[in-house]
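This report looks at how strands, helices and charged side chains are arranged in one chain. Please keep the sequence and the model in view while reading.

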Amino acid sequence: MSSSPLHARHERAFAANRFVYPVLSRRSGGISVGVNLNPDKVCNFDCIYCQVDRTRQSETRFVEIDALLVELDHMLRLVASGDLYAAPSFSATPYPLRRLNDIAFSGDGEPTTYRNFDEIIAACADLKDRLGLAKVKMVLITNASMFHREHVRRGLEILDAHQGEIWAKLEAGTDAYYQLVERTSIPFRRILDNITDAARLWPLVIQSLFMRIHGEPPSADELSAFCKRLNEITASGGKIKLVQVYTVARRPAEDFVAALTNGEVDAIVDLVKRRTALPAAPFYGV
Ligand code: SF4
């Protein structure tokens, strides 16, 4: 899923890379190395705010594991050594942010739909360890639609064993709003169940993008239902370490979608804190 606020600045293309790209993330205070597991730009959601440019077809259609690992190896060395900052697009990186923060699995679609998901997570974790970067986080940015598949579950376990963090997207309280925003055949119940099951095993970060649709921010009822869903997850034994509330920061797929104001984002954060007692943080549009 591409919509992460982690990616304050998109640099999908870096040199001749096809799968691995560096991103300066002011939020995390460092460089995030992105791994794109969906070079074909296919996603099982069709979010109205998606920022992947699907008007142009990508030349790379399939993940090539060996090529991806070579790119990741080079990129991790480039960032860890500091040589990245010799590149014109990173030469202005402030010194305090010149550090490797994480490897993020996201890209131009839903990363867990990649059929060799467990294999790639294991190989990336192994590479990270071999380079002496065991402490670097691995972040999975996901719509949670595939957690019930066995090989995805295996991948999540490997992720967890290697400083992994799951950032799962939940941005509706009702089925109708979910359908309006995500436009998918995957039932809302499936997403809620998958998030709940995963959160029982590993504390999750929830990513929630809210926006104006045809000029209208989410209704009070919708936000109230959203808080209720969060409470249901925790009441079932799920652990949520943070709810990130954010809004559209780049050009969305649909022109009837617009960003919320900073004040509106703050108000949702306050509501989440009050109704759920979970930690919540705002991330604004531009
Ligand atoms: S999950 Fe939504 S935002 Fe993420 S890539 Fe798919 S369509 Fe885009």
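## Strand pairing and the sheet

In this predicted model, strands β5 (residues 164-169) and β6 (residues 204-209) run parallel and are joined by three bridges. On the β5 side K169 takes part in this pairing, and its bridge partner in β6 is Q207.

The two strands belong to an open sheet of eight strands with mixed pairing, ordered β1-β2-β3-β4-β5-β6-β8-β10. At the edges stand β1 (20-25) and β10 (280-283), each of which has a single partner strand, so that one side of each is left without a neighbour in the sheet. Direction ignored, neighbouring strands of this sheet are turned against each other by 25° on average.

## Helices across the strands

Helix α1 lies across β1, β2 and β3 (100-106), and its direction makes an angle of about 175° with that of β2. Helix α2 lies across β3 and β4 (137-142), running at about 155° to β4.

## Salt bridges between distant parts of the chain

Side chains of opposite charge can pair when their charged atoms come close. In this model the count of salt bridges comes to 15, and among them is the pair formed by D46 and R183, with an N to O distance of 3.6 Å. This pair links distant parts of the chain, 137 residues apart, since D46 lies in the loop between β2 (30-36) and α1 (65-81), while R183 lies in the loop between α4 (175-182) and α5 (188-201). D46 is partly exposed, with a relative accessible area of 38%, and R183 is likewise partly exposed, with a value of 29%.

A further salt bridge connects D118 with R154, whose closest N and O atoms are 2.8 Å apart. Here, too, distant parts of the chain are linked, with D118 in helix α2 (residues 117-130) and R154 in helix α3 (residues 150-160), 36 residues apart. With a relative accessible area of 14%, D118 is buried, whereas R154 is partly exposed at 37%.

## A pair within one helix, and a network

The salt bridge between the side chains of D193 and R189 has an N to O distance of 3.1 Å, and both residues lie in helix α5, four residues apart, or about one turn of the helix. D193 is partly exposed, with a relative accessible area of 32%, and R189 is partly exposed as well, with 48%. Elsewhere, salt bridges that share partners join D46, R183 and E254 into one network.

Note on methods. Residues are numbered from 1 along each chain as its sequence is written. This is a predicted model: local features need pLDDT of at least 70, side-chain atom pairs count only at pLDDT 80 or more; totals for chains, interfaces and linings use all residues. Side-chain values use heavy atoms; hydrogens and water are left out. A salt bridge is a side-chain nitrogen of Lys or Arg within 4 Å of a carboxyl oxygen of Asp or Glu. Buried means under 20% relative accessible area, exposed over 50%, partly exposed in between (1.4 Å probe, protein chains only). Two strands pair if DSSP finds at least two bridges between them. Axes are lines fitted to C-alpha atoms, for helices over the stretch in contact, and angles run from 0 to 180 degrees between N-to-C directions. Contact means heavy atoms within 4.5 Å.
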